[in-house]
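Before reading on, take a moment to look over the sequence and the model together. The paragraphs below lead from one pair of helices to the ligands and then to the domains.

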Amino acid sequence: MSEEIPVDWGQARALAYEAGRRAAGPAETISLPDADGRTLAEPLRALTDLPAFPTSSIDGWAVRGPQPWRVVGRVLAGGVADPLDEDGTCVEIATGAMVPAGADALIRIEESTRDADGLVSGEPRAVPEWRLPGEEAHQGEELLPAGTAVDPAVIGVAATCGYESLSVRARPRAGLLVFGDELLTAGPPGAGRVRDSLGPQVPGWLRRCGAVVEPGAIAGPVRDTLEAHLEAVRGALATADLVCTTGGTMHGPVDHLHPALAKLGAEYVVNTVAVRPGFPMLLARVPGPDGRTRFLAGLPGNPQSAVIALITLVAPLLAGLQGRPAPRLAMVEASAPVPGRGGFTHLALARLDHDGRSAAPVGHVGSAMLRGLSHAHGFVVVRPGAQAAAGDLVPFLPLPLVAGERP
Ligand SMILES: Nc1nc2c(c(=O)[nH]1)N[C@H]1C(S)=C(S)[C@@H](COP(=O)(O)OP(=O)(O)OC[C@H]3O[C@@H](n4cnc5c(N)ncnc54)[C@H](O)[C@@H]3O)O[C@H]1N2
Ligand code: MOO
């Protein structure tokens, strides 16, 4: 019999995030193009004013004094403009070129005329046609805080500033051990055996949460003996910051995870969570071979419960390990009633409507099923003692899908 007292679901997420944050890996410097998907270890600051010089927004003329203007030169993007010293003169200017000191207006080429002597005339627009130094950012200004996820736009703004590399957090390395002698790794289920549906899917979820999962870090089915569990977990801890296991979280005759954790000197961060489905999930700190903290996340064997454990505990843990902010939940409208589960938080699989504002429960949601999960965007969260009526605003726990998945 288990004597664990399940942790509140929200508290479990906070504990997992905090454990990850405290164990966040060191910063490393990597080249800009390789930084996609990483996390800023330091704030991104402007190295110069942006723009760094007064910059023309148009092709046309930089003019000084009253018209008509005599053309005294030309300045292209990339060049350094000589000052315009004399009233009644202008230079031809290209978009992106430095505006000469002394210019008091820019005139678009198509809004100008030239007379027989080559003198230029035209009316400047009311809105200035050039960008002033510091208009976008001042030198030293913080553009993005530490903890920002690096995406192509972040890489772009860093390049604009003049960075060649960024200080980012190391990516957490994750491994996966699948437990269960009943599992088949090929062919259809039958005769008491089921296909392993977690070995093939968990790595994809882990990667979407920012972890690196090498093909060699996925093992199983691991035999249902304590010795085999211990050997597999020890082996996985040698290289992984986080080892996920599936199955064996309960206390059945062949559930060896808790005894294995005891033998490994593990310390529970969370040991069972008051949530349905998924309550036997756990997260533990395990001393690694080098003394550095490693984590083991025990995902329950029921496949939907395993995914729930992953987004409940592993997603916040990985956010913390990467130095990112704790994931926050959006509020959406429940488009149909969602029952509560007494003293447990109920995570109800749901699909968002096209604008993401309301969530409708999907079918086939048993914890042993994956059909509902493959249609859903995430879970409506119904807290202990509550239930949701149609039209209620409810928290929504998203699956870590990427753009274009589940349109
Ligand atoms: N006496 C009780 N028994 C169970 C309880 C309970 O409260 N009292 N809770 C049930 C719940 S809820 C869950 S969840 C499971 C969790 O148990 P384990 O983590 O120990 O998982 P297993 O027993 O190993 O497997 C459960 C179930 O899932 C299937 N499974 C396991 N791994 C995979 C996989 N990789 N791919 C597909 N299916 C998998 C396995 O065949 C079992 O059917 O405990 C309940 N029991
Ligand atoms: O809690 Mo179990 O994880 O409901 O299937």
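**Two helices and their surroundings**

Helix H1 passes helix H6 in a right-handed crossing, where right-handed says that the near helix is turned clockwise from the far one by less than a right angle, and left-handed that it is turned anticlockwise. This is a predicted model, in which local features need pLDDT of at least 70 and side-chain atom pairs count only at pLDDT 80 or more, while totals for chains, interfaces and linings use all residues. Residues are numbered from 1 along each chain as its sequence is written, with chains lettered from A and ligands numbered from 1 in the order in which they are written.

H1 covers residues 9-22 and H6 residues 303-321, helices being DSSP runs (H or I) of at least four residues, numbered from the N terminus. Their axes, lines fitted to C-alpha atoms over the stretch in contact, come within 6 Å and cross at roughly 30°, so H1 and H6 are roughly parallel to each other, a term for angles under 35 degrees.

Around ligand 1 there are 23 residues, the closest being Leu198, Gly247, Thr249, Met250 and Gly301; a residue counts here if its C-beta atom, placed from the backbone, lies within 6 Å. The residues around ligand 2 include Arg276, Phe279, Asn302 and Ser367.

The domain assignment, which is automatic or from a database, gives domain 1 (7-25 + 171-321), domain 2 (31-49 + 135-169), domain 3 (55-131) and domain 4 (330-398). The C-alpha centres of domain 3 and domain 4 lie 61 Å apart.

Key:
Axes are lines fitted to C-alpha atoms, for helices over the stretch in contact, and angles run from 0 to 180 degrees between N-to-C directions. Helices (H or I, at least four residues) and strands (E, at least two) are DSSP runs, numbered from the N terminus. Angles under 35 degrees count as roughly parallel, over 145 as roughly antiparallel, 65 to 115 as roughly perpendicular and the rest as oblique.
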